[in-house]
Amino acid sequence: MNTEPERKFGVVVVGVGRAGSVRMRDLRNPHPSSAFLNLIGFVSRRELGSIDGVQQISLENALSSQEVEVAYICSESSSHEDYIRQFLNAGKHVLVEYPMTLSLAAAQELWELAEQKGKVLHEEHVELLMEEFAFLKKEVVGKDLLKGSLLFTAGPLEEERFGFPAFSGISRLTWLVSLFGELSLVSATLEERKEDPYMKMTVCLETEKKSPLSWIEEKGPGLKRNRYLSFHFKSGSLENVPNVGVNKNIFLKDQNIFVQKLLGQFSEKELAAEKKRILHCLGLAEEIQKYCCSRK
């Protein structure tokens with residue numbers, strides 16, 4: 001991306017919540033990747049008119065406009081699949097916040113559609129661009145895991161909008177898979193109190209070498225957003241992550257990756273490995289959901 005862009009890709013941002021607002025900010029700031037992109041407008045179900053001089057456009061106009069070549073899907077998770085399908089069918093490249101879909105079959109179908117259309121379909125995973133993850137990756141490399149656990153706590157989240165906890169929490173699952181390789185499900189339970197609302201999902205996984213890993217998502221009123229981890233290796237233990245600095249510009253780093261894909265700068269091998277990891281995580285999330293639901 002050191003070269004001057006021969007042309008710019010016209011971009012529309014769908015959904016202007018936290019992620020969409022950050023995406024719009026990054027698109028308008030002078031960064032190397034932003035030089036290849038031109039923010040044309042945003043799509044929202046709310047009537048907003050304009051935001052900081054950026055015009056709202058209808059979904060129909062975004063789909064039909066020849067000026068729009070790229071869609072950033074930043075809406076709630078339950079709407080991702082439909083938006084991705086519409087924009088791919090309209091011949092647009094797509095960047096989507098995770099999770100791409102709330103089922104494995106839908107993700108596989110959309111990837112096939114992207115390949116048929118010759119378009120980039122990119123699922124954002126900013127959690128892999130965090131300083132904490134970079135620290136962990138260095139810490140675990142070459143070590144034999146004996147057992148591990150990852151607990152995430154936060155406030156309540158609406159399942160209707162963001163999916164079953166295994167999907168809304170897929171970034172934690174992505175950490176575990178990226179650190180320890182493909183995992184298999186041993187068991188899973190879901191405790192819920194709708195009146196609070198409170199939920200606790202406890203998942204028992206194992207690595208290919210049969211080392212146990214537990215993943216817990218706990219969400220309810222008054223719970224602060226925190227991550228607690230404990231990994232035990234033959235050579236010692238790692239209890240939580242020290243303060244390793246501020247996670248700067250993680251959405252921008254993700255945009256850089258997306259632009260590299262648009263410019264054909266990712267190898268087929270890299271793209272295949274990323275796709276395999278994403279589909280593996282989505283498949284695991286679906287398996288966890290089915291396991292929990294079958295025990296209700």
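Residues 9–125 are 35% helix and 24% strand, and the C-alpha atoms at the two ends of this span lie 22 Å apart. The UniProt record, an unreviewed entry, labels residues 9–125 "domain: Gfo/Idh/MocA-like oxidoreductase N-terminal". Please keep in mind that this is a predicted model. Below you will find the second annotated span, the largest pocket, the cysteines and a few backbone details.

**Second annotated span**
- An unreviewed UniProt entry also gives the feature "domain: Biliverdin reductase catalytic", placed at residues 133–243.
- Residues 133–243 are 24% helix and 44% strand, with end C-alpha atoms 12 Å apart.

**The largest pocket**
- The largest pocket holds about 1,300 Å³ of space.
- Its lining counts 47 residues, and those nearest the centre are Arg18, Ala19, Tyr98, Phe162 and Arg225.
- By class, 21 of the lining residues are nonpolar, 13 are polar and 13 are charged.
- Domain 1 (7–123) and domain 2 (126–243 + 282–292) each contribute at least three residues to the lining of this pocket.
- Several elements supply at least two lining residues each, among them helix H1 (18–28), helix H3 (80–89), strand E8 (145–154) and helix H8 (170–180).
- Strand E12 (226–233) is also in that group, and E12 gives the most to the lining, with three residues.

**Cysteines**
- If you are setting up bonds, there are zero disulfides in the structure.
- Cys204 stays unpaired because its sulfur is 10 Å from the closest cysteine sulfur, that of Cys292, which is too far for a bond; a disulfide needs the two sulfurs within 2.5 Å.
- Cys281 is in no disulfide either, and its nearest cysteine sulfur, again in Cys292, is 17 Å away.
- The surroundings of these residues can be read from accessibility: Cys204 is partly exposed at 31% relative accessible area, whereas Cys281 is buried at 2%.

**Cis peptide bonds**
- Tyr98, one of the residues nearest the pocket centre, is joined to Pro99 by a cis peptide bond with omega of about -10 degrees.
- Pro99 sits in the loop between strand E6 (93–96) and helix H4 (104–117).
- Asp196 and Pro197 are likewise joined by a cis peptide bond, with omega of about -10 degrees.
- Pro197 is in the loop between strand E9 (184–193) and strand E10 (198–206).

**Positive phi outside glycine**
- Asn240 is not a glycine, yet has a positive phi of about 65 degrees.
- Asn240 belongs to the loop between strand E13 (236–239) and H9, and is partly exposed at 31% relative accessibility.
- Asn249 has a positive phi near 55 degrees.
- Asn249 is found in the loop between E13 and H9, and is partly exposed with a relative accessible area of 43%.

Key:
Residues numbered from 1 in each chain as written. Predicted model: local features only at pLDDT ≥ 70, side-chain atom pairs only at ≥ 80, totals over all residues. Heavy atoms only, no water. UniProt positions renumbered as here; feature names shortened; annotations may be inferred. Helix = DSSP H or I, 4+ residues; strand = E, 2+ residues; numbered from the N terminus. Buried < 20%, exposed > 50% of the residue type's maximum accessible area, 1.4 Å probe, protein only. 1 Å grid on protein atoms, 1.4 Å probe; cavity = no way out; pocket = protein on both sides within 12 Å on 5 of 7 lines; lining within 4 Å. Points joined across faces, edges and corners; volume = space filled by probe spheres on them. Nonpolar A, V, L, I, M, F, W, Y, C, P; charged D, E, K, R; others polar. Domains from an automatic or database assignment.
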